[in-house]
Amino acid sequence: MKKVLVVSYYWPPAGGTTMNRILRFIQYLPDYGWSVDVLTTNHASLPFEDSSLEKFIPKSTKVYRSNNINLIGILSKVFARNKVFIPYGFTQTGQDTIKSKILKYLKFNAVPDTRITWYPGAIDKGKKLCKQNNYDIIFSSSPPQTNHLIASKLSSEFDIPHIVDMRDPWSNVFWLKSQKYRLKIISNIDNKIESKILDKADVITTVTPNLKDFYKSKYGDKTSLIYNGYEKSYENFIQPRKTDKSFTICYSGSLSEDQNLDLFAEICSDFKSRIDKDIKLVFVGNYAPSLKLTLQKHGLGESLEVIPYTTMKNALDIIASADLLVVIGWKFADYGIIPSKIYDYILVDIPILGLDLHQDAMELVDELNIGKYFDDKSKVQASEYMMDVVSGNYTYKKNNKALQNYSRESQTQQLAQIFDDVWSRRHH
């Protein structure tokens, strides 16, 4: 069996979208002829934890942890009340204090990211692993981009092919470019590092057609598309928790102030005025402070129920209890985004209301026939769609044939084929 070293800062008990993608690759790769070793870290700073994911780690997977200076943990103790180092979608953007300004300055000017303090320990441990094992591939997925720096260094020193997985853009990500705390010289340095790493990579994989085209325009035909996908096995243990007769609208995942909360609130307010039953707005995750204020402004404050970040199992149970599922795109994004929550929503037979989605996400919703999408220009149509759902006039019929192509097992099979192709070119 051929062997791959996966370099990943995040590892269970880490939770969230990042961990689900990497862990499922690792779970299914042995089925396609690839054994997996994992290089990760001790003392990681984890925005989310979900220890239930540990049961999906194959027994054959060997996990090696390196030393790490937990910069984020240290700064969090110094500035105990500031939560600036959690992912951008959860960053509070209220009134800046001196402490929060310092933290943001450090966060947005760390190159390539705040996990760089893991690099020395990871290189030391990685070199020992590469000397002891005949790895055929080194695989790294970002963010954090520090994973790629480590993998690229090991790839060069030991002449092992490197496959780079870009879940998000690196220096070109829209929210980073707009940050007032980001120094231009830092952006230039980050750009150069990114170009160097991706130029050297044997293959670049990414998660949407638009992103594939973006990287292909810069780095050529070595770019491939591997969707995030949905986890089919989760279908077996979802247990809906419907407890009342209200019409429940659910949003699961991160929500930032770069998403159009007013559009969502206006549509829901109009919908509420047209039906003769209570509505409940259930949000599962961590949210910008403006969520509650925006809903209150539109007379929806009493309808709001916020459930803090929870395990994947609990989140899916809550999703399955809804009457309508919501996904909201980003206002300023300039590349293709398919919000990962769409893949979670696929697991239940509940229609989706999409707002401000980008092309790739809209095409996925259409292909799978899992809902409808709207923007500021079609608010009336959105409210009508919700009326169709509540009255039972909307016929929900998921395209199960097309759906099979988006399972995480199917996506892992495609990744394994990329590994095989790289291995074959090296050995023939």
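**Close-up 1. A nonpolar patch sits on the surface of this predicted model.** Seven names to find here: Ile98, Ile102, Tyr105, Leu106, Leu183, Ile185 and Ile189 make up the patch, and together they have about 640 Å² of accessible area. Helix 3 (98–108) and helix 7 (184–200) are the elements that each give two or more residues to it. Helix 3 gives the most, with four residues. Take Ile102 as one of the patch members: isoleucine 102 is part of helix 3, and its relative accessibility of 38% makes it partly exposed.

**Close-up 2. Seven strands line up in an open sheet.** Reading across the sheet, the strand order is 3-2-1-4-5-6-7, and the pairing is parallel. Strand 3 (62–66) and strand 7 (223–225) are the edge strands; each has a single partner, so one side of each has no neighbour in the sheet. From one strand to the next, the twist averages 25°. Strands of a sheet pair through backbone hydrogen bonds. Zoom in on strand 2 (residues 34–41) and strand 3, and you'll find five bridges joining the two, which run parallel. In one of the pairings, threonine 41 has serine 66 of strand 3 as its bridge partner.

**Close-up 3. Helices pack against the strands.** Helix 5 (residues 146–158) packs on the sheet and touches strand 1 (2–7), strand 2, strand 4 (137–142) and strand 5 (162–166). The direction of helix 5 makes about 165° with that of strand 4. Helix 7, meanwhile, lies across strand 5 and strand 6 (203–206), and runs at about 130° to strand 5.

**Close-up 4. Valine 207 is tucked into a loop, buried.** The loop in question lies between strand 6 and helix 8 (209–219). With a relative accessible area of 5%, valine 207 counts as buried, because the cut-off for buried is under 20%. Who does valine 207 touch? Leaving out residues up to four places away in sequence, the contacts are Arg21, Met166, Arg167, Leu225, Ile226, Tyr227 and Asn228. Methionine 386 is 179 residues along the chain from valine 207, and their C-alpha atoms are separated by 30 Å.

**Close-up 5. Helix 8 carries lysine 218.** Lysine 218 is partly exposed, at 42% relative accessibility. Leucine 198 is 20 residues from lysine 218 in sequence, and the two are 9.4 Å apart in space, C-alpha to C-alpha.

**Close-up 6. Salt bridges link charged side chains.** Side chains of opposite charge can pair when their charged atoms come close. The whole structure has 14 salt bridges. In one of them, aspartate 221 pairs with lysine 216, with the closest N and O atoms 3.6 Å apart. Aspartate 221 is exposed at 67% relative accessibility, while lysine 216 is partly exposed at 40%.

**Close-up 7. Lysine 379 meets glutamate 266.** Their salt bridge has an N to O distance of 2.7 Å. Lysine 379 is in helix 14 (residues 379–391) and glutamate 266 is in helix 9 (residues 261–274), so the pair ties together parts 113 residues apart in sequence. Lysine 379 is partly exposed, at 31%, and glutamate 266 is partly exposed, at 31%.

**Close-up 8. Aspartate 349 and lysine 398 join in a salt bridge.** The N to O distance is 3.1 Å. Aspartate 349 sits in the loop between helix 12 (341–345) and strand 12 (352–355), and lysine 398 in the loop between helix 14 and helix 15 (400–403), 49 residues apart. Buried or exposed? Aspartate 349 is exposed at 56%, whereas lysine 398 is buried at 11%.

Technical notes. Residues numbered from 1 in each chain as written. Predicted model: local features only at pLDDT ≥ 70, side-chain atom pairs only at ≥ 80, totals over all residues. Heavy atoms only, no water. Patch = residues over 30% accessible without salt bridge, like charges linked within 9 Å, V, L, I, M, F, W, Y side chains within 5 Å. Areas by Shrake-Rupley, 256 points an atom, 1.4 Å probe, with all protein chains shown as cover. Salt bridge = Lys/Arg side-chain N within 4 Å of Asp/Glu carboxyl O. Buried < 20%, exposed > 50% of the residue type's maximum accessible area, 1.4 Å probe, protein only. Pairing = 2+ DSSP bridges. Axes fitted to C-alpha atoms, helices over the stretch in contact; angles between N-to-C directions. Contact = heavy atoms within 4.5 Å.
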